[in-house]
Amino acid sequence: MVAGGIVGGLGLAGAATFVYANQIELKAFRLKRVRVPALPAGHRPLRILHVSDFHMTRSQRKKQRWVAGLDALEPDLVVNTGDNLGGADAVPAVLTALGPLLNRPGVFVFGTNDYFGPKPVNPFRYLTGKKRRPSAEKLPWEGMRAAFIERGWSDATHRRLEFVAGGVRLAVTGVDDPHHGLDDYDSVAGAPNADADLAIGLSHSPEPRVLDRFADDGYDLVLSGHTHGGQVCLPFERAIVTNCGIDRARASGLSRWTERMWLHVSNGLGTSPYAPVRLFCPPSATLIEVVARES
């Protein structure tokens, strides 16, 4: 009787946890704010909105409205680090979500879940940290990319970009998703323009080998996503796994990769449709205020 009661209690606790993770925390979108001292002394701040890992589906209207509302923050630059799509019919939903933000300066790189559709997986395999092969379903990323570019955003994938946003001279370089070996850093290697006020690297997955290359070339800040912050965490957003080569302490948020280079990893705004839970890791976007270095 006692054993049965314990088993029953554990079952109820597990069911309640799933309902919370699937119905409440999964939709508890948050805006995080961080400050990065990376600009030359005396320079005015730059406000960067970092979004990532929407894994958007057509039915996620609350997420679409929430993302669109981020335009009220009036960022100087929007950075999207990939995994926008949660299905083959999701491009219109992504464009609805980003609609007003596409009127602002923006740059992007993609992740493999922009190219290939989600597939059913054993949810416990995520906790093993093993790399999962992409599915064979091809997603319409070309149309999404064309829409981004038509609205004025720039694709930073294997490109070295230079432009001004918010009065800041930027050098931005990105690579394709290194988690599945799509990166070609050699094609963009080398120090950023010394005349830039801020040099930013973009990589969907924060793989150490790519971060080291950005750091060696002298970049100030790298932005990534992919990790979902661990997605199913211990309390206080302590990641159990990162799903990439980065350590758990850097699974989300701001950290120093080297003495000079900062790293920001977004925990993202979505999950795979086949693993629709978040625990102690609510979905988020981040407003990064880049300020002058201390003298």
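His226 is buried, with a relative accessible area of 8%, where buried means under 20% relative accessible area, exposed over 50%, and partly exposed in between, computed with a 1.4 Å probe and the protein chains only. The model is a predicted one, in which local features need pLDDT of at least 70 and side-chain atom pairs count only at pLDDT 80 or more, while totals for chains, interfaces and linings use all residues. Residues are numbered from 1 along each chain as its sequence is written, and side-chain values use heavy atoms, with hydrogens and water left out.

The loop between β9 (221-224) and β10 (253-256) is the place of His226; helices (H or I, at least four residues) and strands (E, at least two) are taken from DSSP runs and numbered from the N terminus. The phi angle of His226 is near 75°, a positive value in a residue other than glycine. Gln231 is likewise found in the loop between β9 and β10, and the phi angle of Gln231 is near 65°, again a positive value in a residue other than glycine. With 6% relative accessibility, Gln231 counts as buried. Thr227 also belongs to the loop between β9 and β10, and Thr227 is buried, with a relative accessible area of 0%. In sequence, Thr227 and Asn267 are 40 residues apart, whereas in space their C-alpha atoms are 6.2 Å apart.

A further pairing across the sequence involves Asp155, a residue of strand β5 (residues 154-155). Asp155 is buried, with a relative accessible area of 7%. Although Asp155 and Phe110 are 45 residues apart along the chain, their C-alpha atoms are separated by 8.8 Å.

The nonpolar interior was examined next. A nonpolar core is defined as a set of buried Ala, Val, Leu, Ile, Met, Phe, Trp, Tyr and Cys residues joined through side-chain atoms within 4.5 Å. The largest such core has 27 residues, and those with the most contacts inside it are Leu98, Leu101, Phe148 and Trp153. At least two residues of this core are supplied by each of β2, α3 and α5 (141-150), and α3 gives the most, with five residues.

Charged side chains were considered in terms of salt bridges, each defined as a side-chain nitrogen of Lys or Arg within 4 Å of a carboxyl oxygen of Asp or Glu. By this rule the count comes to twelve salt bridges. In one of them, the side chains of Asp89 and Arg58 meet at 3.9 Å, N to O. Asp89 lies in the loop between β3 (77-80) and α3 (91-98) and Arg58 in the loop between β2 (46-51) and α2 (61-69), so the pair ties together parts that are 31 residues apart in sequence. Of these two partners, Asp89 counts as partly exposed at 41% relative accessibility, while Arg58 is exposed, with a relative accessible area of 52%.

A salt bridge is also formed by the side chains of Arg169 and Asp197, at 3.0 Å from N to O. This pair links distant parts of the chain, with Arg169 in strand β7 (residues 168-175) and Asp197 in the loop between β7 and β8 (198-203), 28 residues apart. Arg169 is partly exposed, with a relative accessible area of 44%, whereas Asp197, at 7% relative accessibility, counts as buried.

The side chains of Arg213 and Asp186 meet in another salt bridge, at 2.9 Å from N to O. Arg213 lies in helix α6 (residues 208-217) and Asp186 in the loop between β7 and β8, so the pair ties together parts that are 27 residues apart in sequence. Here Arg213 counts as partly exposed at 32% relative accessibility, and Asp186 counts as exposed at 58%. In addition, salt bridges that share partners join Asp220, Arg260 and Arg293 into one network.

On the surface, a positive patch is formed by Lys27, Arg61, Lys62 and Arg65. Patches are made of residues with over 30% relative accessible area and no salt bridge, with like charges joined within 9 Å and nonpolar side chains (Val, Leu, Ile, Met, Phe, Trp, Tyr) within 5 Å. Lys and Arg count as positive and Asp and Glu as negative, while His and the chain ends are not counted. Of the patch members, Lys27 is placed in the loop between α1 (2-24) and β1 (30-39), and Lys27 is partly exposed, with a relative accessible area of 36%.

Terms used. Areas by Shrake-Rupley, 256 points an atom, 1.4 Å probe, with all protein chains shown as cover. Charge placed at Lys NZ, Arg CZ, Asp CG, Glu CD.
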